[in-house]
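Got the viewer open? Let's walk through the inside of this protein, one selection at a time.

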Amino acid sequence: MLSLRDAPAPLVPPLETPDLLLRGPQPSDLPAAVALHQRPDFYRFLGGKPHTEEEVWRRMLGQLGHWAMFGYGSWTIEEKATGQYVGSVGFFDFQRDLTPSLKGTLEGGWVLDPRLHGRGYASQAVQAALAWIEPRFPTARLTCIIDPGNAASLGLARKFGFHEFARAIYHNAPIVLLERAR
């Protein structure tokens, strides 16, 4: 008979920072995630339109799918003080139709509830994600794409050693491509 001690490790390894829990997505996150994806101050740099419940659900499933297929992915960000879903951070292989191509790189990404900006949460989350990924994939190229108008995200990327290497058009909009120096 199996006991809880015999349960397999979670698909998404939990990480912790002073203010945040980084964990796998849970079905109970869906209402908060949908509410966040409906707010203009949140989605303005994520395609410029609200995301439906179906789109948010598929994003959550994609988070788990990355972990299952590649051994890496993104974490749901939970604020410790409130237990609330507040965003996500991690690495992807989206096979984007983009030139120059990011295929074969670990594409980093982060989104955080704008009401929490300025508290250092995004820095904590990115730092924890990088500390987890880099020793496991020491030779992988780390990249990210950011809307050129998203000064906060571009600043965060620079803080963690990402630098611009190209600009492109993606989904009919300009995008900045960055990579992390190692």
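What volume does the largest cavity have? About 40 Å³. Keep in mind as we go that this is a predicted model. A search of the whole structure finds two cavities of 30 Å³ or more, and we'll stop at both.

**Stop 1: the largest cavity.** Select Phe 92, Asp 93, Phe 94, Gln 95, Arg 96, Leu 102, Lys 103, Thr 105 and Glu 107, and you have the lining of the largest cavity. Color these residues by class: you should get three nonpolar, two polar and four charged.

**Stop 2: the second largest cavity.** Here the space again comes to about 40 Å³. To see what surrounds the second largest cavity, pick Val 89, Gly 90, Phe 91, Gly 108, Gly 109, Trp 110, Val 126, Ala 129, Leu 130 and Phe 162. β4, β5 and α4 are the elements that give two or more residues to this lining. Color by class once more, and the second largest cavity shows seven nonpolar, three polar and no charged residues.

**Stop 3: the largest nonpolar core.** Now bring up Trp 75, Val 89, Phe 91, Trp 110 and Leu 178: of the 34 residues in the largest nonpolar core, these touch the most other members. To follow the core outward, show β2 (20-23), β3 (74-79), β4 (84-92), β5 (106-112), α4 (121-136), β6 (142-146), α5 (151-159) and β8 (173-180), each of which supplies at least two of its residues. Which element gives the largest share of this core? That's α4, with eight residues.

**Stop 4: Phe 91 up close.** Center on Phe 91 and display its contacts. Leaving out residues up to four places away in sequence, Phe 91 touches His 66, Tyr 72, Gly 73, Ser 74, Leu 106, Glu 107, Gly 108, Ala 129, Leu 130, Ile 133 and Leu 142.

**Stop 5: another core.** Apart from the largest core lies another one, of nine residues. Val 34, Leu 36, Val 56 and Val 111 are among them, so to speak your handles for finding it.

**Stop 6: the second largest pocket.** Last, select Ala 32, Ala 35, Leu 36, Arg 39, Glu 79, Thr 82, Gln 84, Tyr 85, Val 86, Asp 113, Arg 115 and Leu 116, which line the second largest pocket. This pocket holds about 160 Å³ of space. Highlight α1 (30-37) and β4, since each supplies at least two residues of the pocket lining. By class, the lining of this pocket divides into six nonpolar, two polar and four charged residues.

Notes: Residues are numbered from 1 along each chain as its sequence is written. This is a predicted model: local features need pLDDT of at least 70, side-chain atom pairs count only at pLDDT 80 or more; totals for chains, interfaces and linings use all residues. Side-chain values use heavy atoms; hydrogens and water are left out. A nonpolar core is a set of buried Ala, Val, Leu, Ile, Met, Phe, Trp, Tyr and Cys residues joined through side-chain atoms within 4.5 Å. Buried means under 20% relative accessible area, exposed over 50%, partly exposed in between (1.4 Å probe, protein chains only). Helices (H or I, at least four residues) and strands (E, at least two) are DSSP runs, numbered from the N terminus. Contact means heavy atoms within 4.5 Å. On a 1 Å grid over the protein atoms alone, a cavity is a set of points where a 1.4 Å probe fits but cannot get out, and a pocket is an open set with protein on both sides within 12 Å along at least five of seven lines; lining residues have an atom within 4 Å of a point. Grid points are joined across faces, edges and corners, and a volume is the space filled by probe spheres set on the points. Ala, Val, Leu, Ile, Met, Phe, Trp, Tyr, Cys and Pro count as nonpolar, Asp, Glu, Lys and Arg as charged, and the others, Gly among them, as polar.
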